[in-house]
Amino acid sequence: MKHGKKIKASNNNRDNRIDYGVILPVFLLCLIGLLSLYVALSHDPNHPSVVRGVGMQAIWYIVGSIAIVVIMHLNSKWIWKLTPYLYGFGLIVMGLLLKFYDRNLAQSTGSKNWFSFGSLTFQPAELMKIAYILMMALIVTKHNTQMKERTLKSDFWLIAKMLIVTLPVLALIMAQDDFGTMLVFLAIFGGVFLMSGISWRIIVPVIALAVIVGAGTIFLVTTEGGRDLLYKIGFKSYQFARIDSWLDPFHDTTGMSYQPAQGLLAIGTGGLLGKGFNVSNIYVPVRESDMIFTVIGENFGFIGGAFVIFLYFILIYRMIRVCFDTNNEFYAYIASGLIMMLLFHVFENIGANIGLLPLTGIPLPFISQGGSSILGNMIGIGLILSMRYQNEAPAKTSRR
């Protein structure tokens, strides 16, 4: 009888260490992803098999769930030891991509960011985001441990270390002509930078400089002379075409503006409650990936879109709670990077779908089609869950 009580108590302790507030919104987002993908592929005349597309997505969800369970059981010491190897391996793979990228996808998307293994494609940058977050967290934690007294000199030294880790990644991303992914890495850098304890005497000028650069870039891309200058420093024609489509989605509905214009029409005709599940009267090209939110808007209207945004809000809120509750500084910086990664993905994808931002090819987390994106996001959730799971374990062991 006592043995049975011990087993029951052990199971209860394990359940208390699992953050269901993180798991539930992720599960619902994955379910919405499967339904949305089914609708998108069902009304896509260019897609060969709806069953295969939805089935592969489900398999990636299962693989990602297994990754969550495995990572959740890794403590911070193991993650700390593995981080430099994961970062180094990621750089090697990203370097190999420059030579062995998928030529067909590069021709259609303008970016050299995909490996191809037969019919299976994979984007290494999605997993590199996780390795980069871990490496940034390690660098900042180690620096703060060594520097007991914070000074401007030590803060500048920390920034130098962060740039040493960041610049090789950005160089490889730029060589792949993947501007959208580069913005994600910059967002992660910004999140960890703000949380690293660097003095506001440095942060405020950096933010001011970023605002000036951003305003200057907008001025350059909207003027003829500015575009000539940007051409000379490496900007591509398709990038300017995306900006033109953002500024006026209906200026060239037979060309580059066709996709964003159709997306706006699809969301607009959904109204408040939508047209109903699996009803699609407006064709949107490549709807299953970065335009998947148009499916939600057309089928379930404003209410459905707001519900999806609410789920992301709950997930990010729970991630922030974990960030504040953990007693591990390394974990806290990992959580900061993951929160910024997820937040930027959601903001950019939905913003692009509703016309607030230009299209950059950023997928909607847990919903858009793509195995590498799903796996990367699931690994991030596994790291968040491990923070609660491992953080609770020592306290319960001590009480026993």
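**Exercise 1: the surface and overall form**

How much accessible surface does the protein chain have, and what percentage of it belongs to carbon and sulfur atoms? Find both values, then describe the overall dimensions of this predicted model.

*Solution.*
- Step 1. The accessible surface of the protein chain comes to about 19800 Å². Carbon and sulfur atoms hold 69% of that surface.
- Step 2. Turn to the outline: along the principal axes, the C-alpha atoms fill a box of roughly 70 × 60 × 40 Å.
- Step 3. Now check the radius of gyration. A compact globule of 400 residues would have a value near 21 Å, and the 22 Å of the protein chain agrees with this.
- Step 4. Finally, look at burial: 48% of the 400 residues are buried.

**Exercise 2: elements and domains**

List the helices and strands by number, then work out how the chain is divided into domains.

*Solution.*
- Step 1. The protein chain has 15 helices and two strands.
- Step 2. Domain 1 is made of two segments, 19-73 and 262-387, while domain 2 covers 79-195.
- Step 3. The C-alpha centres of the two domains lie 22 Å apart. Where they meet, 26 residues of domain 1 are in contact with 28 residues of domain 2.
- Step 4. Consider contacts across the sequence too. Among contacts in the protein chain with a separation of 6 or more, 70% are between residues 24 or more positions apart.

**Exercise 3: two residues in helices**

Is L385 buried or exposed? Is V322 buried or exposed? Explain each verdict and name the contacts of each residue.

*Solution.*
- Step 1. Place L385 first: this residue lies in helix α15, residues 371-399. Its relative accessibility is 2%, so L385 counts as buried, the cut-off being under 20%.
- Step 2. Leaving aside neighbours within four places in sequence, L385 is in contact with D19, V22, I23, I68 and M72. Y20 is 365 residues away from L385 along the chain, yet their C-alpha atoms are separated by 9.0 Å.
- Step 3. V322 belongs to helix α13, residues 293-325. It counts as buried because its relative accessibility is 2%.
- Step 4. Not counting residues up to four places away in sequence, V322 touches D19, I384, M387 and R388. D19 is thus on the contact lists of L385 and V322.
- Step 5. For another distance, take V322 and G214: they are 108 residues apart along the chain, with 32 Å between their C-alpha atoms.

**Exercise 4: a lysine in a helix**

Is K81 buried or exposed? Locate this residue and give its distance to G382.

*Solution.*
- Step 1. K81 sits in helix α4, which runs over residues 76-100.
- Step 2. Its relative accessibility is 55%, so K81 counts as exposed; the cut-off for that class is over 50%.
- Step 3. K81 and G382 are 301 residues apart in sequence, and 17 Å separates their C-alpha atoms.

**Exercise 5: positive phi angles**

What is the phi of D177, and what is the phi of V286? Find the loop that holds each residue.

*Solution.*
- Step 1. Start with the background: most residues other than glycine have a negative phi.
- Step 2. D177 is not a glycine, but has a positive phi of about 60 degrees. Its place is in the loop between α7 (152-175) and α8 (179-195).
- Step 3. V286, also not a glycine, has a positive phi of about 50 degrees. This residue is in the loop between α12 (258-270) and α13.
- Step 4. With a relative accessible area of 43%, V286 is partly exposed.

**Exercise 6: charges**

How many positive and negative charges does the protein chain have, and how far apart are their mean positions?

*Solution.*
- Step 1. There are 31 positive and 21 negative charges.
- Step 2. The mean positions of these two sets are 17 Å apart.

Methods. Residues are numbered from 1 along each chain as its sequence is written. This is a predicted model: local features need pLDDT of at least 70, side-chain atom pairs count only at pLDDT 80 or more; totals for chains, interfaces and linings use all residues. Side-chain values use heavy atoms; hydrogens and water are left out. Helices (H or I, at least four residues) and strands (E, at least two) are DSSP runs, numbered from the N terminus. The radius of gyration is taken over C-alpha atoms; the globule rule is 2.2 Å times the number of residues to the power 0.38. Buried means under 20% relative accessible area, exposed over 50%, partly exposed in between (1.4 Å probe, protein chains only). Contact means heavy atoms within 4.5 Å. Accessible areas come from the Shrake-Rupley method with a 1.4 Å probe; for residues, only the protein chains shown count as cover. Lys and Arg count as positive and Asp and Glu as negative; His and the chain ends are not counted. The place of a charge is taken as NZ of Lys, CZ of Arg, CG of Asp or CD of Glu. Domain bounds come from an automatic or database domain assignment.
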